[in-house]
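The following exercises ask you to work from coordinates to a description of contacts and backbone geometry. Try each task before reading its solution.

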Amino acid sequence: MDSIAQAGFTFVLEEKKEISGEDLGLLQEKLLQLNWGVQHPASGPMRLKVWVDGDEVVKVDPDIGYVLRLLEKLVEYRTWINAIVNVERACFMDNFGTMTGYSIAAEKIAGVEVPKKADYMRTILCEGGRIVSHLVGLGSFVGVLGVHTAMQWALIAREKFLDAFELYSGQRIATASIIPGGVRFEPTGKFIEKMTKAIDFLEKEFFPRYEEVFLDNPTLKLRTKGVGVVPKEKAIELGLAGPPLRASGVTSDIRKDYPYAAYGELDFNVVTREEGDAYARYCVIFEELKESAKIIRQAIEGFPEGEYRTKFPVKVPPGEAYVNVEWARGCFGFHLISDGGTGPYRLKMGAPSFANLWAIPEMMKGIKLADVPVIFASLYMCHGDIDR
Amino acid sequence: MLEEIKEKVQSEFGFQSEPYDTNMLLIHGNREKIKDLLEFLKRSGFNYPHTVSVVDWTPKGKDFEVNYIIENIQEKKFVIVRVTLPENDLTVPSVCDIFPSLQPHEREAWEMFGVEFVGNPRLEVMLLPEWAEGTFPLRKSYDFKKHRKEKK
Amino acid sequence: MILKFFDWSRSNSPWGVHFCSGCCSLEVLALMGPRFDWERYGFMMTPSPRQADFIIVTGLVSKKVLPVLLRVYQQMPEPRYVFGMGACAAGGGPYWDSDFVAVDVSQYIPFDIFVAGCPPNPEATLEGFLRLKEIILKDRENAAKKYPNRMEEINY
Amino acid sequence: MGPWLKALIFPGFLFLMLVFLMVFYVERKILADAHLRTGPYYVGRWGLLQTLADVFKLLQKEFIIQRRANKLLFSLIPFVAFLMVAILVAFIPFSSSSFIVSTSFDLLIALAIVTSMPPIFFYAGWASKSKYSFIGGLRVVNQMISGEIPLWLSALAAAVFYGTLNHIEIVQDSSWLSFIVLLPAFLIFITATLIVTDRPPFDIPEAEQEVVYGFLTEFGGFNYMILVLSKLIELFGLYGLAVTLFLGGFKGPILPGIVWFLLKIFALYMFTFVVRASTPRIRMDQLLKFCWKALTPLALLNLAFIIFIKMIFA
Amino acid sequence: MELGSAFKLPVEATKKVIRVAKALLEPKATEIWWDKEIRREYHYRGKHVIKAELCIGCSLCARACPVNCIEMVPTGVKKPRAVPKVRANECIFCGLCEDACPVKPEKAIKLTDTYTMYVEPGTWDNLAKFVFEPENLQEAIEKAKKMEEMIERKKQEALKKKQKAEKQKKGEE
């Protein structure tokens, strides 16, 4: 057998191709199979098998599982409280969203009412996490086009928020600060002050500087406009989630549609774009930063007094709950089941990046090799979230 | 909206359903009619599938559950279709011709639980390392602690 | 004298290979950023392991990525160093009881330095990198050679 | 000074080395400044010795040749590349007296050398038998050939305007008027230079996020250093040409000629580095379109314009 | 690409270049952090401080630990029967052990508020030595021993008293 037929294409097996005579190296291969990752500057811990014909991509097949930890199983060995340590590590970029979703699901099963202050605190932290995550997303998107300035500028703003989180919880990113029954630490005035300062920096210094150079950039537009276009119907059919879905014109935001925490009481817009290309996804991420900053300002203004945490029972009655939260990368679903024990019986994490990833083979048909990293970065995925 | 669906599911398929949470409906289906049910749901606007969640109830003396979680993205309603499968016959017809985006989710469920989705074109190892194929690590019978002790 | 100069040059331009396998790479990113700026000390990231001097084991190493990690380590040219980072690299961290995580990476790849924390702060990491520089300065023979090649004998 | 001593020390080898240590340092420092960070700081005073340390570290690294690689080509190519671009620098007059060779076909020879670079880089990518290197090598050929035509045409414009190919005569003939007349040619020349030497935003052959390092991927240690050095010298040589042809070379008030020459080159380098910090990389097909549909016709038009002006003045 | 945009694009791009060139003159964001001895003012989850004299040996912290890095080391005395020892290379500094500790008002196991880093030139053989041990363990044990002796002495005294009283009662009877 010299070749295998798969999905309509014929691939020549590499081992069989040692032709006798002079070795011409790679010149004689028609289809090159590139292993785009695991060690690749733009891939992260995953592999895209890219078959290219010259500069054109014929077929793409993702190979994932390189950061597999089986979090869903690990959670079953934990108690209700300390399972957050594993849940938040679904992805470190925005760990508050996952912790909030898990906590709300656990509270729904246990029938615990959360004080209002905890709700507001969760909102602030979630939006902070979204900002932190989106900043890295913006930076890495411009980063795959060979300019590292955007990432560095974004990191300056990111550090301000991480400082605020550190002041609140004691760690920069592994905060472990939202638990079933409220939040873990008393929100102090110092934290609020620091958060306000961070948002001031974001709005007064970062946005103007960034907008001027990297949002309205002609070369950037040249590279990203019209790349990886997904129309509205196609986006729903492919099951895209989060900013890529909204960039295709679908108004879907869990914060607006099924309000949790304090989102029901705050005023914000759902950012959508109609174009559905890589540039639109990039713009959606940038606009969402502004919305998040707005939400945090409102939440700080309406910050209520009272308790920040209620008692959560050690043993939770049998039951189940399905909770969605709008995480930085999209809608994160938690299907949590209790059997009356001291810990979760089963937790299913419906990850948005996983859904986005499997749109890649469809989106990358017949593009240029140089567009592979652009589309990959514009889908805004997190590897910890894909593999779990 | 959800009331209509409830009645129609009751009259057309004979499936019981109950409200699950606000905005959510839980339909107890069976595997014979699951494809028809999902097609009906897709026609009535539930076109954005979220995920496939399998629950292993064997230590409690019950069966496996397969939950299809589908959203109506225009009207903002959820539906959870639940199919119960006995442990010795874990097969269910694949729905990836109705919802193509559920294909990797089914693949993951097959990999982790061993639930065979008949008709899925790609039931291959995805997340696990190759040597771990067929271990079905998310089943309750696969105990991390036991394995650790065995190794030591 | 010349040897001393060579030692100095080796310790003052450590380039790392861009291999991220876990969450700690986020803190490495922060270290590359403007606030902690490791380039002040001459650190740099290279995309290809052929030009690298050290590799960072960024926390979690799952069993699927472990052979890749060791392979990248072997592709690096000889004076090479390993920077272990985070709880996952040394004891499994939050995934200590998972069957699909290589719990103690130091069994497979010789750490020159280890920083505790999950993930360690950029300050701690920078301190670790400065210690790595000291180690490079002293280590003319390249201590990594003493360790056996364990690529072949990975058994899960 | 005899020509051999010149080739070894002043405008030759040692001087080039010194200049490139500084260029590396300035590049890192300016990029860092654009990123709002400090850049190299603790190695030597203000990090001045940083690149020296880098170079001597690369000398100590293990020499790896991949099992499947073509051993002869793989180890030979970097030195060949270095030799070629060193010849290019030999024809550049740093001041009225400090140059290595001067013939009546200076410009022609220099451009011919630049034109012969792509096969060398292609062989570098081909010999390492890595897929990414191979694609990088192919891209180099593609890009350089399309960039060289505007380069030649815009350089020809200058040659037609001055009526000579000798560098020193060109410099001595230059004036403010010639600078203004040749300004379009200068802009085309700089753009073409960026394309030919694959600097950002045209760094397609060595795009880190697409093909890792292009043809440099498999090179490590000393070989890598020499290859990078030769690429940098190519840029230096072409900028030297640009200064000579369009900016009046070593001419300038008060200060000695060599200082003026280096200052002008430094300004061009500054421009390159800031462009690197602000402009995203463009795609291969876009570059080809840009070269063949915009840059080459413009260069031709410019040549016609210069000939027209020459006719009026003559 | 049309000819018009081919002209416009370089001009636009040059504008961006000039804007970035302005950033060269802006103040830098790099911090030289070791000038201030401790960067954090408040609430940092640093290394563990275990106070053996406060510990009651309930092992709640070991149970609360999500990574199982707390080991209860038996002391040989009754109270506390065992004190926690933290394996620092596995610890993730989540602070849940601190929350679980029932000792009031001062917790027996606590993470320092100030910034302490933990760096070790570590290979496989010396990672095992990488632990946080309780402070003044020996003193606490001795103290506990003395206390136990005291308590026993008191108990015996009480017993003797009882016996005496009983004897007296018996005698009276």
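A polar contact is a pair of N or O atoms within 3.5 Å; within protein, one of the two must be able to donate a hydrogen and the other to accept it, and residues adjacent in sequence count only if both atoms are side-chain atoms. The model treated here is a predicted one.

**Exercise 1. The interface of chains D and E**

Task: Determine how many residue pairs in polar contact and how many salt bridges there are between chain D and chain E, and describe the side of chain D that touches chain E.

Solution. Begin with the polar terms: between chain D and chain E the count of residue pairs in polar contact, with both residues at pLDDT 80 or more, is 0, and the count of salt bridges is likewise 0. Next, sort the side of chain D that touches chain E by class, which yields 11 nonpolar, 4 polar and 4 charged residues. Then assign residues to elements: helix 2 (13–34), helix 13 (257–278) and helix 14 (284–313) of chain D each give two or more residues to this side, and helix 14 of chain D gives the most, with 6 residues. Finally, take the extent of the interface, where 19 residues of chain D and 17 residues of chain E are in contact, and about 1500 Å² is buried between the two chains, 75% of it from carbon and sulfur atoms.

**Exercise 2. The interface of chains A and B**

Task: Find the area buried between chain A and chain B, and work out which three residues supply most to the part that chain A buries.

Solution. The size of an interface is often given as the accessible area lost when the parts come together. For chain A and chain B this area is about 3700 Å², with carbon and sulfur atoms giving 58%. Of the area that chain A buries against chain B, 19% is supplied by A:Tyr258, A:Tyr322 and A:Tyr345, more than by any other three residues. In residues, the contact takes 42 from chain A and 48 from chain B.

Turn next to the polar terms, where the count between chain A and chain B is 6 salt bridges and 17 residue pairs in polar contact, both residues being at pLDDT 80 or more. One salt bridge joins the side chains of A:Glu76 and B:Lys140, at 3.0 Å from N to O. As to elements, strand 8 (319–327) of chain A is among those that supply at least two residues of the side of chain A that touches chain B, and strand 8 of chain A gives the most, with 4 residues. By class, that side of chain A divides into 21 nonpolar, 7 polar and 14 charged residues.

**Exercise 3. A histidine in chain B**

Task: Decide whether B:His105 is buried or exposed, and list what B:His105 is in contact with.

Solution. First locate B:His105, which is found in helix 3 (residues 103–113) of chain B. Its relative accessible area is 5%, and because buried means under 20%, B:His105 counts as buried. Leaving aside neighbours within four places in sequence, B:His105 is in contact with A:Phe354 and A:Ala355, and with B:His50, B:Thr51 and B:Val52. With B:Thr51 there is a polar contact from side chain to side chain, at 3.4 Å.

**Exercise 4. Two domains of chain A**

Task: Describe how domain 1 and domain 2 of chain A meet.

Solution. Start from the bounds, since the domain assignment gives domain 1 (2–63) and domain 2 (71–387) of chain A. The contact takes 17 residues from domain 1 of chain A and 15 residues from domain 2 of chain A. The C-alpha centres of these domains lie 35 Å apart, and the domains bury about 1400 Å² between them, 74% of it on carbon and sulfur atoms. The count between them is 1 salt bridge; A:Glu56 forms a salt bridge with A:Lys368, with the closest N and O atoms 3.4 Å apart.

**Exercise 5. Backbone geometry in loops**

Task: State the phi of A:Leu70 and of D:Asp198, and name the peptide bond that is cis.

Solution. A:Leu70, in the loop between strand 5 (56–63) and helix 1 (71–74) of chain A, has a positive phi of about 60 degrees although it is not a glycine, and A:Leu70 is buried at 4% relative accessibility. D:Asp198, also not a glycine, has a positive phi of about 30 degrees, and D:Asp198 is buried, with a relative accessible area of 3%. D:Asp198 lies in the loop between helix 10 and helix 11 of chain D. D:Pro201 has its place in the loop between helix 10 (183–196) and helix 11 (208–211) of chain D, and the peptide bond from D:Pro200 to D:Pro201 is cis, with omega near 5 degrees.

How values were computed: Residues numbered from 1 in each chain as written. Chains lettered and ligands numbered in written order. Predicted model: local features only at pLDDT ≥ 70, side-chain atom pairs only at ≥ 80, totals over all residues. Heavy atoms only, no water. Buried < 20%, exposed > 50% of the residue type's maximum accessible area, 1.4 Å probe, protein only. Domains from an automatic or database assignment. Contact = heavy atoms within 4.5 Å. Buried area = accessible area lost by both parts, 1.4 Å probe. Salt bridge = Lys/Arg side-chain N within 4 Å of Asp/Glu carboxyl O. Nonpolar A, V, L, I, M, F, W, Y, C, P; charged D, E, K, R; others polar.
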